[in-house]
Amino acid sequence: MPEDDQPFAIVPPAAIRDGRATDAYFRRTEAALDAADRNPHVVAEVTASQFPTGEPALFDGIQDAVHLFEGLPVDVHALPPGTCFDGGPVVRIEGPYRSFARYETSLLGFLSGATAFATAAHELRRAAPETPVLSFGARHLHPSLAAVLERSALLAGLDGFSHVAAGDRLGREASGTMPHALVICFGRGEQEAAWRAFDDGVDPDVPRTALVDTYSDEVDEAVRAAEAVDDLGGVRLDTTGSRRGDFRHICREVRWELDARGHDDVDLFVSGGLGVADLRELRDVADGFGVGGAISNADPADFGLDIVTVEGEPAAKRGKLPLPKQVYRTPDGAHHVGLAHEEGPADGDPLLEPVVADGELVREFDLDAGIGRAREDAALVFEGGSGGEDDG
Ligand SMILES: O=P(O)(O)OC[C@H]1O[C@H](OP(=O)(O)OP(=O)(O)O)[C@H](O)[C@@H]1O
């Protein structure tokens with residue numbers, strides 16, 4: 001599509017579907033294979049070789065990637081979204097290499113971003129298992145990725161997200177409170193007018209949460225908001241880092257002062273540059289968190305694709321393990337990797353499952369099912385099946 005037909009630097013979905021969203025060397029590989037009349041039948045696997053936090057990652061993105069293989073003469077196996085893994089293949093592709101070579105770039109891209117978001121969100125989930133956490137990170141990303149970000153956050157068990165168009169794509173409603181811009185539009189000393197305008201103007205089913213750090217002390221604004229808006233649901237503290245001091249103490253003080261004035265039904269929602277350690281520190285004083293960069297700024301998962309057989313014979317580059325593999329989950333939560341043609345552990349569940357058979361999609365992906373899978377698999381892997389809280 002010529003650039004002036006669409007103003008944004010976005011690779012269109014059609015280019016992803018037809019394999020043009022690829023690194024140029026795959027186009028050259030196709031030309032070389034064609035010139036040599038060579039198109040070997042191969043098995044290739046996608047694996048990650050680095051796990052930066054030292055903990056299992058949460059697999060995601062296959063729901064999109066699977067569409068790359070529609071209509072191709074290939075069979076694909078993959079881990080279901082929401083599976084914890086710390087080694088071994090996450091995807092296995094079998095077919096004539098020439099037919100899928102050009103899709104490697106997009107395949108790895110679909111998996112790398114989504115898995116990174118899901119893994120980061122899951123770390124936050126475990127840091128505050130009982131407290132609502134919303135994904136606020138779309139502002140740090142290219143807007144075309146917002147639905148991927150929010151879907152991964154939900155898959156990992158977070159409770160909601162802020163991006164409206166992502167919500168349209170996912171069939172779920174975005175949530176949110178109010179920005180500082182709204183308060184500033186009414187001016188210093190007029191915060192009550194801003195909070196009341198929100199109460200007057202916003203749909204009745206939206207929780208009334210007042211932002212209480214714009215101009216003055218958080219305790220002062222929180223108490224004023226609770227007195228200005230009938231049935232105020234909560235206050236949000238997004239205190240700027242330079243003014244934060246002992247943020248846990250500020251939260252406790254706000255809670256104390258609200259309670260002391262009979263506003264114990266007003267929740268305390270906290271946001272602004274929060275990470276895993278902050279959630280652990282604040283989870284007993286906050287009723288909810290908004291977290292952005294700690295999810296959206298996650299480093300991409302380090303996936304690579306390697307051929308492991310050529311015409312049925314073992315093949316691999318140095319440092320990689322040839323032959324197709326299967327991965328298994330055992331009841332103790334361990335992750336076993338073995339050769340696909342050998343028996344796995346007697347009590348192990350094979351995790352790679354068919355997703356494409358001769359170019360036909362053979363598995364449906366449902367977000368709620370993925371959320372449930374992530375919750376159950378993480379309970380096995382991180383708590384040995386107990387489902388208990390991670391105390392870090
Ligand atoms: O810091 P992160 O974890 O990435 O969270 C994303 C944003 O959410 C909060 O913004 P807020 O809605 O208060 O923005 P505003 O200052 O523009 O009103 C916070 O201050 C961050 O800018």
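**Exercise 1. Determine how α6 and α14 are oriented to each other, and which residues make their contact.**

Solution. In this predicted model, α6 and α14 are oblique to each other. The angle behind this description is about 45 degrees, at which helix α6 (residues 146–155) packs with helix α14 (residues 367–383), the axes being 8 Å apart. Since angles of 65 to 115 degrees count as roughly perpendicular and those under 35 as roughly parallel, a value of about 45 degrees is left to the oblique class. On the α6 side the contact is made by R151, L154 and L155, and on the α14 side by L367, G370, I371 and A374. Sorted by class, the contact of α6 with α14 comprises five nonpolar residues, one polar and one charged.

**Exercise 2. Describe the crossing of α5 and α6, giving its angle, its hand and the classes of the residues in contact.**

Solution. Begin with the geometry: the axes of helix α5 (residues 104–127) and α6 come within 8 Å and cross at roughly 40 degrees. The two helices α5 and α6 are therefore oblique to each other, and the hand of their crossing is right-handed. Next, turn to the residues, where A114, F117, A118 and A121 of α5 meet V148, L149, S152, A153 and L155 of α6. The count by class for α5 with α6 is eight nonpolar and one polar, with no charged residues.

**Exercise 3. Carry out the same analysis for α9 and α10, and state which residues meet.**

Solution. Helix α9 (residues 191–201) packs with helix α10 (residues 218–228) at an angle of about 45 degrees, and their axes lie 10 Å apart. That angle makes α9 oblique to α10. The crossing of α9 and α10 is right-handed. From α9, the residues Q191, E192, W195 and R196 meet E221, R224, A225 and A228 from α10. By class, this contact of α9 with α10 has four charged residues, three nonpolar and one polar.

**Exercise 4. Identify the residues closest to the ligand, and list polar contacts of its oxygen atoms.**

Solution. The ligand is surrounded by 13 residues, of which H140, H180, D238, G273 and G293 are the closest. Going through the contacts in turn, a ligand oxygen atom lies 2.7 Å from a polar backbone atom of G293, and an oxygen atom of the ligand is 2.8 Å from a polar backbone atom of G292. A contact with a side chain is found at R236, where an N or O atom is 3.1 Å from an oxygen atom of the ligand.

**Exercise 5. Locate Q6 and trace which backbone atoms its side chain reaches.**

Solution. Q6 is placed in the segment before α1 (13–17). A polar atom of the Q6 side chain lies 3.1 Å from the backbone nitrogen of F8, while the side chain of Q6 also reaches the backbone oxygen of I10, at 2.9 Å.

Note on methods
Residues numbered from 1 in each chain as written. Predicted model: local features only at pLDDT ≥ 70, side-chain atom pairs only at ≥ 80, totals over all residues. Heavy atoms only, no water. Axes fitted to C-alpha atoms, helices over the stretch in contact; angles between N-to-C directions. Helix = DSSP H or I, 4+ residues; strand = E, 2+ residues; numbered from the N terminus. Parallel < 35°, antiparallel > 145°, perpendicular 65-115°, else oblique. Left-handed = near helix turned anticlockwise from the far one by under 90°. Contact = heavy atoms within 4.5 Å. Nonpolar A, V, L, I, M, F, W, Y, C, P; charged D, E, K, R; others polar. Near = heavy atom within 4 Å. Polar contact = N/O pair within 3.5 Å; in protein donor to acceptor, adjacent residues only side chain to side chain.
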